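Me: I am new to this structure and would be grateful for a close look at a single part of the model: its unusual backbone geometry. Please set it in context with a word on the surface.

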Amino acid sequence: MLDVDVAGALGGGAKLAVYFSTFDEKGLVDALSAVINDQTNDPSVVSISWGWVENQPFNNSGILWSPAAIEHCNESFLAAAQLGITVCVSTGDDGSEAQEADGRAHVNFPATSPYVLAVGGTTLHARKDAHGSTQVTETVWNDGPGSGTGGGVSDITAAPAWQEGKVPVSINPGHFAGRAIPDVAANADPATGYMMMSGGKLQIVGGTSASAPLWASLIARINGAIGKRVGNINALLYSSIGPGGTLRDITTGNNDTDGLLNGEFKAGVGWDACTGWGVPDGGKLLSALK
């Protein structure tokens, strides 16, 4: 419901199609198949806000991320890219350890697919200045144990060509040169999140399950403004959009929510494993993608 509410509120009247599946490997495989074969709705942007730790055999629900399932999903994401579909995927809400608490960094698939736009999370801070005006700043979302933006470096998926030389290697033993996430970010902290009606009550809800559809909505609006699909923008993001300062860079905070990784990963100037290249400036991004 959060995904649909954010997409509907920000999508500028775009038509929404919702794909339902079971919460397991087969479910994601089937949902992606439905997307790329949907000739009725012909989607141009897709938002996905769930996933699982990529390099653990089982999570608490007993769900396995097998190499075959990851390969199958990546082939579907590649097919989506070839159809001009932008796929936005949340990086997760469990920090750089993804609640594994084993002293290693972890990231979630499908956010680590090289064919998706991985979206991390930020939080907002408001204060009054000396003149009584409200000033808002934005930092990495990190609310402590088990609550903060996912991000890091894959230990199983190699860094795509457009990330080479621009992102660090894994901090885990072996220091694999993997796909690094996120690519971009947006407000995700439940404390500064999105007003929703749920169970008959208004409440503020957050998570990267909100920042992913926010980015999807922005891409949909840009598609409408320029009259064509921008598709997979990752190579452009890492070659010109990000380094060129098109996005608003977030330079404060880290996503070590459990405090077991010596503050990794830290935000800084340019790309980082907390907020990627930063948060959207819609007008600048529209100009860049024209």
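Reply: The following account treats the backbone first and the surface afterwards. The model is a predicted one.

As background, most peptide bonds are trans, and most residues other than glycine have a negative phi. Two peptide bonds here are worth locating individually. Ile181 and Pro182 are joined by a cis peptide bond, whose omega is about 0°. Pro182 belongs to the loop between β8 (178–181) and β9 (184–187). A cis bond also leads from Glu264 to Phe265, with omega near 15°. Phe265 is situated in the loop that runs between α5 (234–241) and α6 (282–289).

The phi angles come next. Ala101 is not a glycine, yet its phi is positive, at about 50°. This alanine, Ala101, sits in the loop between β3 (86–90) and β4 (108–109). Ala101 counts as exposed because its relative accessibility is 51%, and the cut-off for that class is over 50%. His175, likewise a residue other than glycine, has a positive phi near 45°. Its place is the loop between β7 (152–158) and β8. With a relative accessible area of 49%, His175 is therefore classed as partly exposed.

Finally, the surface carries a nonpolar patch formed by Val4, Leu16, Val18 and Phe20, which together have about 410 Å² of accessible area. One of these residues, Val18, lies in the loop between α1 (2–10) and α2 (25–36). Its relative accessibility is 46%, so Val18 is counted as partly exposed.

Technical notes
Residues numbered from 1 in each chain as written. Predicted model: local features only at pLDDT ≥ 70, side-chain atom pairs only at ≥ 80, totals over all residues. Heavy atoms only, no water. Patch = residues over 30% accessible without salt bridge, like charges linked within 9 Å, V, L, I, M, F, W, Y side chains within 5 Å. Areas by Shrake-Rupley, 256 points an atom, 1.4 Å probe, with all protein chains shown as cover. Salt bridge = Lys/Arg side-chain N within 4 Å of Asp/Glu carboxyl O. Helix = DSSP H or I, 4+ residues; strand = E, 2+ residues; numbered from the N terminus. Buried < 20%, exposed > 50% of the residue type's maximum accessible area, 1.4 Å probe, protein only.
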